[in-house]
Amino acid sequence: MIGREGGRILVTGALGQIGTDLVQSLRDIYGSEMVIASDIREKPNHPCILTGPYINLDVLDKNKIFEIISNHNIKIIYHLAAILSAKGEENPELCELINVEGTRNIFDAAREFGLRIFAPSSIAVFGPDTPKKAPQITPLNPTTKYGMTKVDCEILGMIYHQKYGVDIRGIRYPGLISWKSPVSGGTTDYAVDIFHAALSDESKYDCFLNDETRLPMMYMDDAIRATISLMCTPIDSLSSARCGYNISGVSFTPKELVSEIKKKLPDFVCNYKPDIRQKYADSWPDSIDDEVSRNDWNWQSRFDLETIVSEMISNLKSD
Ligand code: NAD
Ligand code: AKB
């Protein structure tokens with residue numbers, strides 16, 4: 001049983017970077033059988049996902065979503081299936097389809113079955129006209145297709161909430177740093193890849209962003225704690241930011257990250273070879289103002305850059 005809902009949790013896109021961590025945390029809290037992991041990929045092989053039930057699900061298949069919900073008594077969906085920024089620019093049509101139509105299918109299911117939904121947004125909703133420290137309320141003019149789909153989903157979430165009373169919640173995650181799963185398809189991926197490269201025999205990394213690119217980032221443990229905490233907050237505490245709460249973790253440049261890594265791995269060498277992802281990063285803010293989250297649901301991050309580097313290196317070494 002999960003609190004007042006008395007049913008099970010479904011996680012879509014569960015084999016990705018966030019799902020790998022989130023499924024394990026939800027199972028630790030609610031029990032393995034209560035949390036069903038799902039993804040378009042057929043077979044899970046990660047130990048975090050193998051701890052409980054897994055279903056193959058394409059979020060574009062609305063009939064199957066409805067079938068799973070009624071057959072498995074689903075009451076909450078953590079909807080993580082998406083195409084991220086770099087992959088989204090390579091294939092904007094697919095990005096639009098999966099991110100917007102996939103999300104609409106989940107929202108329709110929530111309306112039909114009375115579910116609660118967590119649907120993450122991103123700092124990619126901001127654009128070049130956003131102040132360097134992004135406020136909660138500001139015009140959203142992203143230049144990437146991915147960012148546009150995230151704005152669309154925040155708006156869609158508000159419409160389903162206001163018109164149909166669906167309880168949809170979301171966080172504008174910064175770039176997330178984690179060690180349990182590999183990353184691909186994003187612009188902030190460098191901050192994960194760099195640790196794998198630093199710990200390799202060569203201890204060398206070619207960074208695809210320039211050394212001065214400051215971006216908002218967060219350690220996965222903070223992001224998971226934020227997610228579960230937002231979903232446990234009484235509905236009356238939430239404000240109009242409910243589908244896209246700003247949260248802040250740390251803010252750093254590749255140069256600052258390299259210098260922190262070199263304190264632990266002095267032989268590590270990083271070269272800077274910016275590619276097309278530099279353009280996407282340049283359109284995003286440097287840092288995030290998260291005052292509204294702190295007021296509405298007591299959000300507070302715990303991991304600074306020094307702690308993140310130390311956690312990443314020790315966890316990857318013992319993995
Ligand atoms: P990811 O790319 O690591 O994982 C996404 C998963 O979705 C993959 O396992 C993929 O197989 C699956 N998927 C793709 N198409 C699908 C479909 N049609 N049906 C079902 N599954 C499908 O992404 P992530 O980093 O885990 O991100 C999860 C969510 O969080 C996304 O909405 C993303 O926009 C958001 N987000 C992530 C970050 C980050 O840094 N990781 C930052 C901001 C926002
Ligand atoms: C990406 O880089 O695309 C994601 C994000 C910030 O949404 N990590």
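# Two ligands and a few residues

Colleague: Which residue places a polar backbone atom 3.0 Å from a nitrogen atom of ligand 1?

Modeller: The model is predicted. A polar contact needs a pair of N or O atoms within 3.5 Å. The pair at 3.0 Å joins a nitrogen atom of ligand 1 to the backbone of V59.

Colleague: How much of the accessible area of ligand 1 does the protein cover?

Modeller: Besides V59 and its backbone atom at 3.0 Å, two side chains come up to oxygen atoms of ligand 1. A polar side-chain atom of D39 is 2.7 Å from an oxygen atom, and an N or O atom in the side chain of R41 is 2.7 Å from an oxygen atom. On its own, ligand 1 has 830 Å² of accessible area, and the share covered by the protein is 92%.

Colleague: Which elements give two or more residues to the shell around ligand 1?

Modeller: The shell holds 26 residues, and Q17, D39, R41, Y146 and K150 come nearest. The protein covers 92% of the ligand's own accessible area. Elements with two or more residues in the shell are α1 (17–30), β6 (121–122), α5 (145–164) and β10 (175–177).

Colleague: Around ligand 1, how many residues of the shell are charged?

Modeller: Asp, Glu, Lys and Arg count as charged. The nonpolar class has 15 residues and the polar class 7. The charged residues number 4.

Colleague: And around ligand 2, how many polar residues does the shell have?

Modeller: Ligand 2 is surrounded by L84, S85, S122, I123, Y146, G186, T187, T188 and W284. Gly is counted among the polar residues. None of the shell is charged and 4 residues are nonpolar, while the polar count is 5.

Colleague: What share of the accessible area of ligand 2 does the protein cover?

Modeller: The side chain of S122 brings a polar atom to 2.7 Å from an oxygen atom of ligand 2, and a backbone N or O atom of T187 lies 2.6 Å from an oxygen atom. The side chain of T188 has an N or O atom 2.8 Å from a nitrogen atom of ligand 2. Of the 250 Å² that ligand 2 has on its own, the protein covers 93%.

Colleague: With which side chain does the side chain of H79 make a polar contact?

Modeller: H79 is in strand β4 (residues 74–79). Its relative accessible area is 4%, under the 20% limit, so H79 is buried. It touches residues distant in sequence, including V59, F118 and P120. Its polar side-chain contact, at 2.8 Å, is with T12.

Colleague: F195 or L50: which is buried, and which is exposed?

Modeller: L50 sits in the loop between β2 (35–39) and β3 (54–56), and touches P44 and N45 beyond its four neighbours on either side in sequence. F195 is in helix α6 (residues 190–198), where its contacts include I177, L257 and V309. The limits are under 20% for buried and over 50% for exposed. At 53% L50 is therefore exposed, whereas the buried residue, at 0%, is F195.

Colleague: How far is F195 from F268, C-alpha to C-alpha?

Modeller: Along the chain, F195 and F268 are 73 residues apart. In space, their C-alpha atoms are separated by 10.0 Å.

Colleague: N73 has a positive phi; near what value?

Modeller: N73 lies in the loop between α2 (62–72) and β4. It is partly exposed, because 37% falls between the limits of 20% and 50%. Most residues other than glycine have a negative phi. The phi of N73 is near 50 degrees.

Colleague: Is S203 buried or exposed?

Modeller: S203 also has a positive phi, near 50 degrees, and is found in the loop between α6 and β11 (204–207). Its relative accessibility is 10%, under the 20% limit, so S203 counts as buried.

Colleague: What radius of gyration does the protein chain have?

Modeller: The chain forms 11 helices and 16 strands, and its C-alpha trace spans about 55 × 40 × 40 Å along the principal axes. Buried residues are 56% of the 319. A compact globule with 319 residues would have a radius of gyration near 20 Å, which agrees with the chain's 19 Å.

Key:
Residues numbered from 1 in each chain as written. Chains lettered and ligands numbered in written order. Predicted model: local features only at pLDDT ≥ 70, side-chain atom pairs only at ≥ 80, totals over all residues. Heavy atoms only, no water. Helix = DSSP H or I, 4+ residues; strand = E, 2+ residues; numbered from the N terminus. Buried < 20%, exposed > 50% of the residue type's maximum accessible area, 1.4 Å probe, protein only. Polar contact = N/O pair within 3.5 Å; in protein donor to acceptor, adjacent residues only side chain to side chain. Contact = heavy atoms within 4.5 Å. Near = heavy atom within 4 Å. Areas by Shrake-Rupley, 256 points an atom, 1.4 Å probe, with all protein chains shown as cover. Rg over C-alpha atoms; globule rule 2.2 N^0.38 Å. Lists of a residue's contacts leave out its neighbours within four places in sequence.
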